[in-house]
Amino acid sequence: METTVYVARRIRTLDAGRPEAEALAVRQGRVLTVGTKAEVLAAAGAGARVVDFGDAVVVPGLVDAHAHLAGLGRSLTVARLEGAGSVDEVVRRLVEAPSTSFQGDWLIGKGWDQNGWPGKSFPGRAELDARFPRTPVYLTRVDHHAAWVNGEALRRAGITRETPDPAGGRILKDAKGEPTGVLVDNAMDLVTRGVSPPTDEQLAARLSAALERCAREGLTGVHDAGMDLRTFRLLQAWDMAGRLPVRVYAMADGQGEERRTYLELGTYGGRMLEMKSVKFLLDGALGSRGAALHESYSDAPGETGLLLMEPEELEARALAFMQRGFQVCIHAIGDRANTLVVDTLIRASAATGTKALRHRVEHAQILRPEDIQKLGEAGLVASVQPTHATSDMGWAEARLGAERLKGAYAWRSLKEAGAVLALGSDFPIENPDALAGLYAARTRQDAAGKPEGGWLPRERLTGQEALEGFTVGPAWASFAEERRGRLAEGLDADFTVLSVDPVSDEAKALVDATVVATVVAGREVHRAP
């Protein structure tokens, strides 16, 4: 039975008994011992293999606490629209899109953002129709809460000027009452139900690419926020065959009809795949004005966002899954949605006696001060994404006004109130880059160091707190704190090797830092060339 000794400039264990070390030994997928190089070599024995990472720093395995594997795989293969500066550039990218961008005869793309275009207005279908008159086109916005489609897609979906807005959705229409081609939140379903699904080969290739990308980014685990049954079945088969390179903590998709099957199946625990939680969405996103607010948007009087299901329905679903032993995780962006979610989780967990299931608020993005306190006092998990703040800071005040910003992206306030912070990226909405997340959490600045001093700097985290947010926090949020999140004797040998120290090196060093290696259960799943 081989023992491997890893040596580095510093090992940050996040274990109170020995927070720093020079070396660690791994045997049979677990940490044998941690300590000085001499201590560890002595404990490992004469035949141990030694891996010296030189000036690199070892930290407990980084975990993305809110992400979408199928979405990442899809984004790696369809037309990429991130950073396109205009409608014309989007059309150009679609014309040049690779063949993998098609599902059946549908052209699929993702990542457009009108906030980066001249005028910042939602697009229309005319430019798509001119270039793609008979090919149905479906393009998701960067936040995945709006879609831009062409006339052929509308025709196939049967959407006309007479089609009413569905509950929790909006069909944007022009001054003459004609659909513009932009669909928000639940209105997207009117089109997606007719889109050809990916083939089995496409799905497998996409998931494989997504998992490989995660390992390359230093992630030893991912909390998948709303997994469809088909993806779950495939990952389950891969887990049984020993084919999963990183750990997956899956939340069942509780939004659609598949939730009934998940309720019947109950929770699942495999070797590298677990499903002990369920994910619901209550509102949309801030960028598409779908986030549900108590008062009107500052830049759209009369608009208060969308609730994607009635509060009574949300509570009924939460109760049903809690009674079945599931941790309940609910997406809430706007302050009204967060009020409803916090109250629902407190009420339902009391009614079912399931506070120990560590229910979660996913995003916890904009909250009133009283709801921050309530969330923390209830011991709920605040599953937040640091890079959302740095992506949104250029326009968030226009949407919310200065007063509401006081409770926006409020990580320190949530932590001080008693919430457990579990940090993630929400990839593919953001990149699956934990280093960028660590940097954003510490600085609340873009890569160029703007704004000076950080945006709403009171809410910054320290380097130690940010690292805990990607390690200790996700471990707690997935009931794994006795096995992972730290590096100590007997724990799983999950760790990430970085070119910088994310705690003591200057924060700006994280911008150009690299992942040297990723080790999961003692197995190297990535090594930088």
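**D335**

I started with D335 in this predicted model. D335 is buried, yet I found no salt bridge for it. The nearest side chain of opposite charge belongs to R404, and that is 4.8 Å away. A salt bridge needs a side-chain nitrogen of Lys or Arg within 4 Å of a carboxyl oxygen of Asp or Glu, so R404 doesn't count as a partner.

I then checked where D335 sits: it is in helix α11, which covers residues 335-352. Next I pulled its contacts, skipping neighbours within four places in sequence. R404 is on that list, along with A292, L293, H294, I366, L367, R368 and D371.

**The cavity**

I looked for enclosed space and got one cavity of 30 Å³ or more. Its volume comes out at about 40 Å³. I noted the lining as H363, A364, Q365, V384, Q385, H388, Y409 and W411. Sorted by class, that lining is four nonpolar and four polar residues, with no charged ones.

**The second largest pocket**

I moved on to the second largest pocket, with a volume of about 380 Å³. I counted 28 lining residues here, and those nearest the centre are R247, R483, R484, D492 and D494. Which elements give two or more residues to this lining? I got three strands, β14 (219-227), β15 (247-253) and β17 (273-281), plus the helix α18 (472-477). β14 gives the most, with four residues.

Last, I split the lining of this pocket by class: 10 nonpolar, 10 polar and eight charged.

How values were computed. Residues numbered from 1 in each chain as written. Predicted model: local features only at pLDDT ≥ 70, side-chain atom pairs only at ≥ 80, totals over all residues. Heavy atoms only, no water. 1 Å grid on protein atoms, 1.4 Å probe; cavity = no way out; pocket = protein on both sides within 12 Å on 5 of 7 lines; lining within 4 Å. Points joined across faces, edges and corners; volume = space filled by probe spheres on them. Nonpolar A, V, L, I, M, F, W, Y, C, P; charged D, E, K, R; others polar. Buried < 20%, exposed > 50% of the residue type's maximum accessible area, 1.4 Å probe, protein only. Lys, Arg positive; Asp, Glu negative; His and termini not counted. Contact = heavy atoms within 4.5 Å.
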